[in-house]
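Biologist: I am new to this structure and would like a close look at a single part of it. Could you take me slowly through the place where one chain meets another, together with the spaces around it?

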Amino acid sequence: MSETAAVAFEDVWFSYDGTNILEGVSFDIRPGRFAALIGPNGAGKTTALRLLLGSMRPTRGRVRLFGAPPGNQDEVIGYIPQRITVPRGFPLTVREVVLMGRYGRIGLGRRPRPRDHEVALQALERVGLRHLGNSPFGTLSGGQQQRVLIARALAGEPHLLLLDEPTAGLDPAARSDFYNLCCTLQRESPLTLLAASHDIEAVAHHADLVILINHTVLAAGSPHDVLHSPVLQDAYRFPERHHEPHHAHQGAAL
Amino acid sequence: MTDWLAYDFAQRALVAGVLVALMCAVLAFFVVLRRMAFVGAGISHAALGGVALGLVTGVSPLVAAMAFSIAVAWSIGWISERGRITEETAIGILFPTTMALGIAIISLSATYRQDLMAYLFGSMLAVRRTDLWLLFGLAGGTLAVLALFFKELVFISIDPDAARAAKVPVTALRYLLLTVLAATIVASIKLVGVVLVSALLVIPAATGQVSARSMTGMLVISIISALIAVVAGLWLSWITNLPSGATIVLLASALFFAAFVASVHSSAPR
């Protein structure tokens, strides 16, 4: 019997205001992989993630998380957005943000137990920010805030992490740190990652599976294969001079 | 100073005031966190339409206002979720339309014209014994909902997508918050008035925000400042013969500016 995919899109269509955002998208991701969903702005990456989160439903086709419709799976899903917006000066501490990652496990209307606080602190420790636990979240740098959001996701002890443009707005060093941390976490635990990003170079350098979409799946496979695929240039409409071998532009964001 | 409490109506106003202060202060926390100040203003002004319909149809004005306000609150939520216009635009349309409906209906009848001022700006004479029972029910329900789902409401306010991933029922809780917002506004109408109640849904929490370093501290200061503003505001209304809504809101604002100046002073470089 084949292993159930952590993420499965089966001929998924999604339309908004009469415009097709996704057209017959099909792919699946096996558990334990680090997949990158890449494509130009407006390609449908965030829509795909929202379908997985259950905040939108496909117009046609099926989306499955560990074999079940989003929201009905037994496995825990963690989500790391580009950023969260807390009103300026709102006294929300880093520990309180991380503890939110436990809420799915604590249950509706129940109070956090000592173990939940302990797991939240351990998650902060893993991202190297335990010393900032009592700091207001809004006073942290962009890179630190992203680490806190990783800690929040980890506190839920997830089976799958969904990341939506997680490094947008970060400098190259912080971007690299972020993905290195993701890789380390994936090695340490049986975690599946799906990162949507238009930052091809950074994400493809760390992922072991790349899915290129532009409303529909244009290519899927190893980072090397997809980055050397002729369809990449069409998807991003690169000028010819940018269509170079992968190793020639490592470290640069395309 | 306490002679005013010898009167039945003043005692009723004080009990109602404490309940209103508790409800508004706790709910204001979420109004500030979710930047819903305009939503609160919209629903409170819409409540006047419900009051007017209640007066002319013989239904209890507060019960009619409750049904009307919840309908408007849910409409705002529904439109902002699915509509082709923004939440602000939806409120900008519903707010004056429903208020205009209320003013038109009340103005058509000379009998109710006197009531209009009380509903607009509040009056400590207006709280009846039967209103108190309704208030106890609304305050109990509202505070229970906010206490029970406090952590989830904070989560969906800050990151609804992550909350949804954690299987928190985001949409249901959002509508529940809009419902208790409508209930709180209706509970506050007689004492504070539809025009000024929206201030009580922001100012106490803002006072807490500039003074506290934690969410719990913010909540406690919000409650204390609202209680001070309401109790002292009722007393001020008694001795000055001003509408209670005006005195309560002026005191709440004074507390905010004092806290704001203190916070600026304490964070200034030495």
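Modeller: In what follows, contact means that heavy atoms lie within 4.5 Å of each other. Please keep in mind throughout that this is a predicted model. A useful place to begin is A:E96, a residue of helix α2 of chain A, which spans residues 94–99. Leaving aside residues up to four places away in sequence, A:E96 touches A:P91 in its own chain and B:M215 in the other. The side chain of A:E96 also has a polar atom that lies 2.9 Å from the backbone nitrogen of A:T93. A:N134, which is 38 residues from A:E96 in sequence, is 8.6 Å from it in space when the distance is taken from C-alpha to C-alpha.

From this one residue we can widen the view to the whole contact, to which chain A gives 34 residues and chain B gives 28 residues. Between chain A and chain B an area of about 2,600 Å² is buried, and carbon and sulfur atoms give 61% of it. On the side of chain A, the residues that lose the most area to chain B are A:F90, A:P91 and A:Y103, which together make up 23% of what that side buries. A:P91 is thus named among those residues and is also one of the residues that A:E96 touches.

Next come the polar and charged pairs. Side chains of opposite charge can pair when their charged atoms come close. Between chain A and chain B the count is two salt bridges, while the structure as a whole holds 15 over all chains. A:R50 forms a salt bridge with B:D161, and the closest N and O atoms of this pair are 3.2 Å apart. Nine residue pairs are found in polar contact across the interface of chain A and chain B, counting pairs in which both residues have pLDDT 80 or more. On the side of chain A that touches chain B, the elements that give two or more residues are α1, β5 (77–80) and α3 (103–106) of chain A. Of these, α3(A) gives the most, with three residues. Sorted by class, that side has 15 nonpolar, 11 polar and eight charged residues.

The spaces in the model bring us back to some of these names. The largest pocket has a volume of about 1,600 Å³. It is lined by 40 residues, and those closest to its centre are A:R50, A:S55, B:E81, B:R164 and B:T171. Two or more lining residues come from each of α1 (45–53) and β4 (60–65) in chain A, and from each of α3 (61–82), α7 (150–158), α8 (160–165) and α9 (170–192) in chain B. It is α9(B) that gives the most to this lining, with five residues, and by class the lining has 18 nonpolar, 10 polar and 12 charged residues. A:R50, which pairs with B:D161 in a salt bridge, is therefore a name to look for here as well, since it is listed among the residues closest to the centre of the largest pocket.

The second largest pocket has a volume of about 450 Å³. Among its 18 lining residues, the closest to the centre are A:G89, B:Q209, B:V210, B:A212 and B:S263. The elements that give two or more residues to this lining are α11 (203–211) and α13 (244–267) of chain B, and α13(B) provides the largest share, five residues. By class, the lining of the second largest pocket has nine nonpolar, eight polar and one charged residues.

Terms used
Residues are numbered from 1 along each chain as its sequence is written. Chains are lettered from A and ligands numbered from 1 in the order in which they are written. This is a predicted model: local features need pLDDT of at least 70, side-chain atom pairs count only at pLDDT 80 or more; totals for chains, interfaces and linings use all residues. Side-chain values use heavy atoms; hydrogens and water are left out. On a 1 Å grid over the protein atoms alone, a cavity is a set of points where a 1.4 Å probe fits but cannot get out, and a pocket is an open set with protein on both sides within 12 Å along at least five of seven lines; lining residues have an atom within 4 Å of a point. Grid points are joined across faces, edges and corners, and a volume is the space filled by probe spheres set on the points. Helices (H or I, at least four residues) and strands (E, at least two) are DSSP runs, numbered from the N terminus. Ala, Val, Leu, Ile, Met, Phe, Trp, Tyr, Cys and Pro count as nonpolar, Asp, Glu, Lys and Arg as charged, and the others, Gly among them, as polar. Buried area is the accessible area (1.4 Å probe) that two parts lose on being put together, summed over both. A salt bridge is a side-chain nitrogen of Lys or Arg within 4 Å of a carboxyl oxygen of Asp or Glu. A polar contact is a pair of N or O atoms within 3.5 Å; within protein, one must be able to donate a hydrogen and the other to accept it, and residues adjacent in sequence count only if both atoms are side-chain atoms.
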